[in-house]
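Please work through the exercises below with the structure in view, trying each task before reading its solution.

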Amino acid sequence: MKAKLTLFGTFFFLMLSMGYAQENTVQEKVVTVKKKKKLSQSIISGNVRISKYHSREQLDAMSKGELLGLYIERIEVIINILPNIAFATKPGVTMKSLGIPETKDNKKALEDNIEATDNYFESAVEFQTKILPYSDTNDLIAAILFYESTLKALHTYNDFKED
């Protein structure tokens, strides 16, 4: 009988603490959403910076695990930037700074786009994490170098604009 009481008491406190933790998470999300609504939201979100570009020799010296991390980092930058280059190539550009009216519909469209991008990135990373380790290391290095050259080309994007 004492064991059942102890087990029930432990279960009760576990459920109570889980409920409290979820309540705090919901409150944190509400505060975050309120802060975002006050500020003009950036068109390009997420981590859109690459800390370092690499040479083939540097990549050859890395383990496959390190290469997988670099590959996924570059995918994130590309997913966040390329679909939006008509608006911006760097974070911090907002609808307001581009002269786009910040109507309810426009804000909703931007939020939906950011959410869709986040969902796609999460799905892509989940797939890449499962399947990419089976790729050939040389193909992985070639892909990283290709992505890096594509990202370097963004620095010349303004050369294609006519004023």
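**Exercise 1.** Decide whether Asp112 is buried, partly exposed or exposed, and describe the salt bridge that Asp112 forms.

*Solution.* Begin with accessibility in this predicted model: the relative accessible area of Asp112 is 35%, and because partly exposed covers the range between under 20% (buried) and over 50% (exposed), Asp112 counts as partly exposed. Next, look for the partner, which is Lys108, with the closest N and O atoms of the salt bridge 2.9 Å apart. Lys108 is likewise partly exposed, at 46% relative accessibility. Finally, place the pair in the fold: both residues belong to helix α5 (residues 104–131), where they are 4 residues apart, about one turn of the helix.

**Exercise 2.** Find out which residues are linked with Arg74 in a network of salt bridges, and say where the partners lie.

*Solution.* As a starting point, a search of the whole structure gives 4 salt bridges. Side chains of opposite charge can pair when their charged atoms come close. Arg74 forms a salt bridge with Glu73, the closest N and O atoms being 2.9 Å apart, and also one with Glu148, where the closest N and O atoms are 2.9 Å apart. The pair of Arg74 and Glu148 links distant parts of the chain, since Arg74 sits in helix α3 (residues 64–81) and Glu148 in helix α6 (residues 137–153), 74 residues apart. Taken together, Glu73, Arg74 and Glu148 make up a network of salt bridges.

The last step is to compare exposure with the cut-off of under 20% for buried residues. Arg74 has 0% relative accessibility and therefore counts as buried, and Glu148 is buried too, whereas Glu73, with a relative accessible area of 22%, is partly exposed.

**Exercise 3.** Describe the second largest pocket by its volume, its lining and the classes of its lining residues.

*Solution.* The volume of this second largest pocket is about 320 Å³. Its lining consists of 14 residues, and those nearest the centre of the pocket are Val48, Ile81, Thr89, Lys90 and His155. Sorted by class, the lining holds 9 nonpolar, 3 polar and 2 charged residues.

**Exercise 4.** Which elements of the protein have the lowest and the highest mean pLDDT?

*Solution.* Start from the whole protein, which averages a pLDDT of 82, with 75% of the residues scoring at least 70. Then turn to the elements: helix α1 (residues 2–38) has the lowest mean, 57, and helix α2 (residues 56–60) the highest, 96. Where pLDDT is low, the predicted coordinates should not be read in detail.

Note on methods:
Residues are numbered from 1 along each chain as its sequence is written. This is a predicted model: local features need pLDDT of at least 70, side-chain atom pairs count only at pLDDT 80 or more; totals for chains, interfaces and linings use all residues. Side-chain values use heavy atoms; hydrogens and water are left out. A salt bridge is a side-chain nitrogen of Lys or Arg within 4 Å of a carboxyl oxygen of Asp or Glu. Buried means under 20% relative accessible area, exposed over 50%, partly exposed in between (1.4 Å probe, protein chains only). Helices (H or I, at least four residues) and strands (E, at least two) are DSSP runs, numbered from the N terminus. pLDDT is the predictor's confidence in each residue, from 0 to 100. On a 1 Å grid over the protein atoms alone, a cavity is a set of points where a 1.4 Å probe fits but cannot get out, and a pocket is an open set with protein on both sides within 12 Å along at least five of seven lines; lining residues have an atom within 4 Å of a point. Grid points are joined across faces, edges and corners, and a volume is the space filled by probe spheres set on the points. Ala, Val, Leu, Ile, Met, Phe, Trp, Tyr, Cys and Pro count as nonpolar, Asp, Glu, Lys and Arg as charged, and the others, Gly among them, as polar.
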